[in-house]
Amino acid sequence: MKGNILVVDDEQVVLKSCERILKPEGYGVDTSGSPAEALEMMDRNGSYDLVITDIKMPGMDGIEFMRRVRQKRPDVSIVLITGYPSQESIREALALRIVDYLPKPFSPALLIEVAQKAMEFSKKTQKPEVQDYTEETAAKLDDIINRYKTKPGSLIPVLQEAQELVGYLPPAVQRHIARGLNLPVSEVHGVVSFYSFFTMKPKGRHNVRVCLGTACYVKRSEEILAKLRDRLKIDIGEVTPDRKFSLESVRCLGACGLAPVVVVDKDTHGSVNPVKALDILAQYE
Ligand code: FES
């Protein structure tokens, strides 16, 4: 599949024609007649590469909708469908970094051209994902999928091996797996978001987890976290530029007797204080 597109327009005829034109071109296409529903769909399926939206819709206008889309997915490409836009709305749309716009009514050829351009733009802006998802990785992922393809309940083991291979499960990997196992992307995304051992964020070679559960918190684990943040110069959920360390906070690691607790990879360190936390970090330098 060339990528996933979400089309939002209150006119059914527009939704139907986008589907009819784009699907044979190799795109996954979801449609919605309501901006509120489309935002929920984005929550359920984080892997859209492109959102094509009307500017005038009942309930929520296109500008407000695009603003919310940007909050959810700063990197997604947006194309605006519009009849006669005002200078004001075009200015606002450009400020929201639309890739292009489609004047209504649009021809199939123009829709395909604009979608193609927006997809290329989307690939360029999703750099971290592209870095991890090389052709070599994609080929190895195919090997994993082929080993499980015919077995029932194959999704979880495939996701586990894919996470071991890539380090995390970005949208491109989820789409690849959905395609390979012939499952909807939303199902793959649902499983990835449900189980805490799957992650959609990249991790460093050493993953540092600081417990902020009650037993650790009362023993000032927040100060440990602050110290590690300062030393690594990253925030929770981030990775150092050399990808050596990533930092997470967690709620109870099940070792409350050792509070406050820091876990690095699979090693549990108990009775940690801010100074000891830096010594621990040095062991993994
Ligand atoms: S609260 Fe930290 S290990 Fe339980």
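Start by selecting Thr240 in this predicted model, which you will find in the loop between helix H12 (221-232) and strand E7 (245-250). Is Thr240 buried or exposed? With a relative accessible area of 7%, Thr240 is buried, because the cut-off for that class is under 20%. If you then display its surroundings and leave aside the neighbours within four places in sequence, Thr240 is in contact with Leu232, Ile234 and Phe245.

**The sheet beside this loop**

From Thr240, extend the selection to the sheet that includes E7, an open sheet of 4 strands in the order E7-E6-E8-E9 with mixed pairing. Its edge strands are E7 and strand E9 (267-269), each of which pairs on one side only, and the twist averages 20° from one strand to the next. Now colour strand E6 (residues 206-211) and strand E8 (residues 262-264), which pair in the antiparallel sense over 3 bridges; within this pair, Val208 stands opposite Val264 in E8. Bring helix H12 back into view and you will see that H12 packs on the sheet, where it touches E6, E7 and E8, and that its direction makes about 150° with that of E6.

**Stepping back to the whole chain**

Zoom out until the entire protein chain is visible, with its 13 helices and 9 strands. The C-alpha atoms fill a box of roughly 65 × 50 × 30 Å, taken along the principal axes, and 47% of the 285 residues count as buried. Of the contacts in the chain with a separation of 6 or more, 64% are accounted for by residues 24 or more positions apart. To divide the view, colour by the domain assignment, which gives domain 1 (3-125), domain 2 (130-194) and domain 3 (206-282). The centres of domain 1 and domain 2, taken over C-alpha atoms, are separated by 26 Å.

**The parallel sheet**

Next select the other sheet, E2-E1-E3-E4-E5 in order, an open arrangement of 5 strands in which the pairing is parallel. Here the edge strands are strand E2 (27-32) and E5, each pairing on one side only, and the average twist from one strand to the next is 20°. Within this sheet, strand E3 (residues 50-54) and E4 pair in the parallel sense over 5 bridges, and Val51 stands opposite Ile78 in E4. Helix H1 (residues 12-22) packs on the sheet and touches strand E1 (3-8), E2, E3 and E4, while its direction makes about 175° with that of E2.

Move on to strand E4 (residues 77-82) and E5, which run parallel and are joined by 4 bridges; here Ile81 stands opposite Leu102 in E5. Which residues of strand E5 (residues 100-103) lie on its covered face, and which on the uncovered one? Showing the side chains lets you follow the division: Asp100 and Leu102 make up the covered face, whereas Tyr101 and Pro103 make up the uncovered one.

**Gly62 in helix H3**

Now select Gly62, whose place is in helix H3 (residues 62-72). At 0% relative accessibility, Gly62 counts as buried. Apart from its neighbours within four places in sequence, Gly62 is in contact with Asp54, Ile55 and Met57. It is also worth drawing a C-alpha to C-alpha distance from Gly62 to Val8, since these residues are 54 apart in sequence and 9.1 Å apart in space.

**Helices H8 and H9**

For the last stop, display helix H8 (residues 155-166) together with helix H9 (residues 171-181), whose axes come within 11 Å and cross at roughly 145°. The crossing of H8 and H9 is right-handed. Where they meet, Leu155, Val158, Leu159, Ala162 and Val166 in H8 touch Val173, Ile177 and Leu181 in H9, and the residues of this contact divide into 8 nonpolar, no polar and no charged.

Why is H9 described as largely enclosed by the rest of the structure? The reason is that 10 of its 11 residues are buried. The buried residues of H9 include Gln174, Arg175 and His176, as well as Pro171 and Gly180. Finish on Asn182, which follows H9 and has a positive phi, near 60°.

Conventions:
Residues are numbered from 1 along each chain as its sequence is written. This is a predicted model: local features need pLDDT of at least 70, side-chain atom pairs count only at pLDDT 80 or more; totals for chains, interfaces and linings use all residues. Side-chain values use heavy atoms; hydrogens and water are left out. Axes are lines fitted to C-alpha atoms, for helices over the stretch in contact, and angles run from 0 to 180 degrees between N-to-C directions. Helices (H or I, at least four residues) and strands (E, at least two) are DSSP runs, numbered from the N terminus. A crossing is left-handed if the near helix is turned anticlockwise from the far one by less than a right angle, and right-handed if clockwise. Contact means heavy atoms within 4.5 Å. Ala, Val, Leu, Ile, Met, Phe, Trp, Tyr, Cys and Pro count as nonpolar, Asp, Glu, Lys and Arg as charged, and the others, Gly among them, as polar. Buried means under 20% relative accessible area, exposed over 50%, partly exposed in between (1.4 Å probe, protein chains only). Two strands pair if DSSP finds at least two bridges between them. Domain bounds come from an automatic or database domain assignment.
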